[in-house]
Amino acid sequence: MNGKPESLDDVADAMPVASSAARNGDLELEPAGESDEAWMRVALEEALAADRAGEVPVGAVLVRNERLVARGRNLNRAGSDPTAHAEMVVIRAAADKLGDARLPGMTLYVTLEPCAMCAGAIVLARIERLVYAAADPKSGMCGSLGCIVQDGRLNHRVRLTGGVLAEEAGGLLRGFFQARR
């Protein structure tokens, strides 16, 4: 859902509930680590900046060895680019900065569960770990509708943690869409 959801109900559903895949034990979820909340707050800063710019408030940061590598936010509307989700923006920025399409050893923090496009990019970039805030039961592909990042048929699997600061991220999304109704 890193683009515009179809209705406010879609956003209201994007909350930290356990996905059906998680309830069925199909996911390998890790508990949050010590610094996860702090890095998610940086991602929330990006989401707030997106909100101020009139974009859907989703933010992301990439971290390696507790150092910020790149940060980004949704830029769909500004660039008229349907692929400019926060995750794609930050992955592109890190790859450009490092001069490498592979981003091993990195943790991606994002305020909303990634969609299929972003989940695929996370796998292709070989990101080691994904931490997201709010679940997205309408289009999330990291546990809600499916789990691309841990699909055993692919050549890379991502360690996964969900629900870090989910209430704050979900509240920001709900507020954004309520203001536009």
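User: How many residues does helix α7 have, and what span from its first C-alpha to its last does it reach in this predicted model?
Analyst: The model is predicted. In it, α7 runs over residues 166-179. The span expected at 1.5 Å a residue is 20 Å, and the helix comes close to that. Helix α7 has 14 residues and reaches 20 Å.

User: Within what arc do the buried residues of α7 fall, seen down its axis?
Analyst: The buried residues of this helix are A166, A169, G170, L172, L173, F176 and F177. They line one face of the helix, because seen down the axis of α7 they fall within an arc of 155°.

User: Which residues are exposed on the other side of α7?
Analyst: Exposed means over 50% relative accessible area. On the side of α7 away from the buried residues, two names meet that description: E167 and A179.

User: How many aromatic pairs does a search of the whole structure find, and which residues form the pairing?
Analyst: The search of the whole structure finds one aromatic pair. Its ring centres are 4.8 Å apart and its planes stand at 90°, an edge-to-face arrangement. Both partners are buried, and they are F176 and F177.

User: What pattern of helices and strands does the chain follow along the sequence?
Analyst: The secondary structure comes to seven helices and five strands. Read along the sequence, their order is α-α-α-β-β-α-α-β-α-β-β-α.

User: What share of the chain's residues count as buried?
Analyst: A residue is buried if its relative accessible area is under 20%. The chain exposes about 8200 Å², with carbon and sulfur atoms supplying 50% of that area. Of its 181 residues, the share that count as buried is 53%.

User: Among contacts between residues at least 6 apart in sequence, what share join residues at least 24 apart?
Analyst: Contact here means heavy atoms within 4.5 Å. Taking the contacts in the chain between residues at least 6 apart in sequence, the share joining residues at least 24 apart is 64%.

User: In which sense do β1 and β2 pair, parallel or antiparallel, and which residue is the bridge partner of V61?
Analyst: Strand β1 covers residues 59-64 and strand β2 covers residues 67-73. They pair over six bridges, in the antiparallel sense. In β2, the bridge partner of V61 is R71.

User: Which residue in the turn of the β1 and β2 hairpin has a positive phi?
Analyst: The hairpin leaves two residues between its strands. The residue in question is not a glycine, yet its phi is about 50°. It counts as exposed because its relative accessibility is 65%. The residue is N65.

User: Where is S80 found, and is it buried or exposed?
Analyst: S80 is a residue other than glycine with a positive phi, near 45°. It is found in the loop between α4 (76-79) and α5. Its relative accessibility is 66%, so S80 counts as exposed.

User: Which residues does L98 touch, not counting those up to four places away in sequence?
Analyst: L98 lies in helix α5, which covers residues 86-98. L98 has a relative accessible area of 39%, so it is partly exposed. The C-alpha atoms of L98 and V69 are separated by 8.8 Å, although the two residues are 29 apart along the chain. Beyond its sequence neighbours up to four places away, L98 touches R64, V69, L103 and M106.

Methods:
Residues are numbered from 1 along each chain as its sequence is written. This is a predicted model: local features need pLDDT of at least 70, side-chain atom pairs count only at pLDDT 80 or more; totals for chains, interfaces and linings use all residues. Side-chain values use heavy atoms; hydrogens and water are left out. Helices (H or I, at least four residues) and strands (E, at least two) are DSSP runs, numbered from the N terminus. The expected span of a helix is 1.5 Å times one less than its number of residues. Buried means under 20% relative accessible area, exposed over 50%, partly exposed in between (1.4 Å probe, protein chains only). The arc is that of the directions from the helix axis to the C-beta atoms. Accessible areas come from the Shrake-Rupley method with a 1.4 Å probe; for residues, only the protein chains shown count as cover. Two strands pair if DSSP finds at least two bridges between them. Rings of Phe, Tyr and Trp (its six-membered ring) pair if their centres lie within 6.5 Å; planes under 30 degrees apart count as stacked, over 60 as edge-to-face and the rest as tilted.
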